[in-house]
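Some labels used for protein structures rest on numerical cut-offs. The turns below ask how such labels are earned.

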Amino acid sequence: MTSTPLACHPHDHSHCVTEALAAADAVCARSGARLTALRRRVLELVWASHRPLGAYDILGVLSAEDGRRAAPPTVYRALDFLLEHGLIHRLASLNAFIGCNHPGQVHQGHFLICRQCGTAIEVEQPAIGAAIVAAASAVGFVVEGQMVEVVGLCAQCREAA
Ligand SMILES: [Zn+2]
Ligand SMILES: [Zn+2]
Ligand SMILES: [Zn+2]
């Protein structure tokens, strides 16, 4: 992919949500996993924007919808399911979750996070992963996972400044 990620500029976000839910259906159908109503709703909430969402934000929305308190373990299990199936990523620096742009494909999580608006842009740059593996193997370290979280200012916030 060479085009700028959608998260970088204004766009019709309802398309992102529709596509993400369709992709999730496809991924789950392929692996025989069940995307229950709750798991689907949690995924939809994570996809509400391109800004990472914390588990407590999700709980808050669900409780408001249900009119009763959603049980935290249920929401955490739904998030674990979505993580396991590669539908979302967890950003440790924010303790929050973001929808994955290309679920069902093996890839690492390399993110640019805007400190002003909170937008998280998933970048696809194989050279980053390769450089990490090279640096690690030089010291005899085996890479098992890569979550790279880079902080800065996005194009829109720079323009506004
Ligand atoms: Zn979008
Ligand atoms: Zn991803
Ligand atoms: Zn920004």
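**Labels and their reasons**

Q: What spacing do the donors of the zinc ion (ligand 1) follow along the chain?
A: In this predicted model, the donors of the zinc ion (ligand 1) are spaced H-x1-H-x2-C-x33-H.

Q: What makes H11, H13, C16 and H50 count as coordinating the zinc ion (ligand 1)?
A: A donor is an N, O or S atom within 2.8 Å of the metal. Here NE2 of H11, ND1 of H13, SG of C16 and NE2 of H50 lie at 2.0 to 2.2 Å. The cut-off is met, so these atoms are donors.

Q: Why is the site of the zinc ion (ligand 1) called tetrahedral?
A: Four donors earn that label if all angles lie between 85 and 135 degrees. The angles among the 4 donor atoms are 101 to 118 degrees, so the site is tetrahedral.

Q: Why is H13 called buried, and why is H11 called partly exposed?
A: Buried means under 20% relative accessible area, exposed means over 50%, and partly exposed is in between. H13 has 17% relative accessibility, so H13 is buried. H11 has a relative accessible area of 28%, so H11 is partly exposed.

Q: What makes R40 and D25 a salt bridge?
A: The pair needs a side-chain nitrogen of Lys or Arg within 4 Å of a carboxyl oxygen of Asp or Glu. The closest N and O atoms of R40 and D25 are 2.8 Å apart, so the pair qualifies. R40 lies in helix 2 (residues 37-46) and D25 in helix 1 (residues 13-31), so this salt bridge ties together parts that are 15 residues apart in sequence. R40, at 29% relative accessibility, is partly exposed, and D25, at 34%, is partly exposed too.

Q: How do you know that R41, E44 and E65 are linked in a network of salt bridges?
A: R41 meets E44 in a salt bridge at 3.1 Å, N to O. R41 also meets E65 in a salt bridge, at 2.3 Å, N to O. E65 lies in helix 3 (residues 55-66) and R41 in helix 2, so that pair ties together parts that are 24 residues apart in sequence. Both distances are within 4 Å, so both pairs count as salt bridges. R41 takes part in each pair, and the three residues are linked in a network.

Q: What separates E44 and R41 in helix 2?
A: E44 and R41 are 3 residues apart, which is about one helical turn.

Conventions. Residues numbered from 1 in each chain as written. Chains lettered and ligands numbered in written order. Predicted model: local features only at pLDDT ≥ 70, side-chain atom pairs only at ≥ 80, totals over all residues. Heavy atoms only, no water. Donors = N, O, S within 2.8 Å, 3.2 Å for Na, K, Ca; no water. Tetrahedral: all angles 85-135°; square planar, octahedral: opposite > 155°, others 65-115°. Buried < 20%, exposed > 50% of the residue type's maximum accessible area, 1.4 Å probe, protein only. Helix = DSSP H or I, 4+ residues; strand = E, 2+ residues; numbered from the N terminus.
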